[in-house]
Amino acid sequence: MNEQIRAREVRLVGPEGEQVGIVPLERALQLAADVDLDLVEVAPMARPPVCKLMDFGKFKYESALKAREARRNQQQTVIKEMKLRPKIDPHDYETKKGHVVRFLKAGDKVKVTIMFRGREQSRPELGFRLLRRLSEEISELGFVEASPKQDGRNMIMVLAPHRATKAAAVAAVAAGAKPAREPREGEGADVTPAAPAETTAE
């Protein structure tokens, strides 16, 4: 910027984006001083380098504001994990389903894992039946994004909130509402950050 620029001549761009042309560095610095602006090198690898007349302090301030706004508007996709057994007790099932419901209402995805042990591995239909039941009972809040599939001793299904459900969650957070309660230790839910998910048709 300004006197730190080492090129003998630069391709100058005016404060409104207009092309001034190739001018000696001294001339560009003089033009910047005449309008009380900074000469900023915006494309140093070009030949000659491209420089623009701008208020660098204002530029940095506005860039910081935009970055802050982008972070505020960015929605981080989170996948919660809920683990069940194929022969789960009815009360435990309702408890874990309640967690799934709260996660979906909070706008999060849920990875549901059925854990098979011993002879249970020869009865995968028990896992399919349980996952199908769960997906049907939460259908008003979410949908099956990844169908049940066997993964070693486990069977996995991913549920995602409907767009309306996620929009309601975002609106609630914006309004200052408390997010869904995290399950207490021992209730079987883990949290795993995930990359932003691709839009999935419902």
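Start with strands E1 and E2: E1 covers residues 9-13, and 5 bridges tie E1 to E2 in an antiparallel arrangement. If you want a specific spot to look at, take Arg11, whose bridge partner in E2 is Ile22. Keep in mind that you're looking at a predicted model.

Now step over to the other neighbour of E1. E1 and E4 also pair, this time in the parallel sense, over 3 bridges. Here Val13 is a handy marker, with Lys52 as its bridge partner in E4. As background, strands of a sheet pair through backbone hydrogen bonds, either parallel or antiparallel.

Keep going and you reach E3. E3 and E4 pair in the antiparallel sense, with 5 bridges between them, and Leu39 sits opposite Leu53 of E4. These two strands make a hairpin, and 6 residues lie between them.

Put those pairings together and you get an open sheet of 4 strands, ordered E2-E1-E4-E3, with mixed pairing. Which strands sit at the edges? They're E2 (19-24) and E3 (38-43), each of which pairs on one side only. From one strand to the next, the twist averages 35°.

What lies across this sheet? Helix H1, residues 25-34, lies across E1, E2, E3 and E4 (50-54), and runs at about 125° to E2. As for E4, this strand is mostly covered, with 4 of its 5 residues buried.

On to the nonpolar cores. In soluble globular proteins, nonpolar side chains tend to be buried together. The largest nonpolar core in this model has 19 residues, and the members that touch the most others are Leu84, Val100, Leu104, Val110, Val112, Ile114 and Leu159. Which elements give two or more residues to this core? They are strand E5 (78-84), helix H3 (90-105), strand E6 (109-115), helix H4 (124-137) and strand E8 (154-161). H3 provides the largest share, 4 residues.

Val112 is a good place to zoom in. Leaving aside residues up to four places away in sequence, Val112 touches Met82, Leu84, Leu131, Leu134, Met155, Ile156, Met157 and Leu159.

There's also a second, separate core of 10 residues, and Ile5, Leu12, Leu25 and Leu53 are among them. Leu53 should ring a bell: that's the E4 residue standing opposite Leu39.

Methods
Residues numbered from 1 in each chain as written. Predicted model: local features only at pLDDT ≥ 70, side-chain atom pairs only at ≥ 80, totals over all residues. Heavy atoms only, no water. Pairing = 2+ DSSP bridges. Axes fitted to C-alpha atoms, helices over the stretch in contact; angles between N-to-C directions. Contact = heavy atoms within 4.5 Å. Buried < 20%, exposed > 50% of the residue type's maximum accessible area, 1.4 Å probe, protein only. Core = buried A, V, L, I, M, F, W, Y, C linked by side-chain atoms within 4.5 Å.
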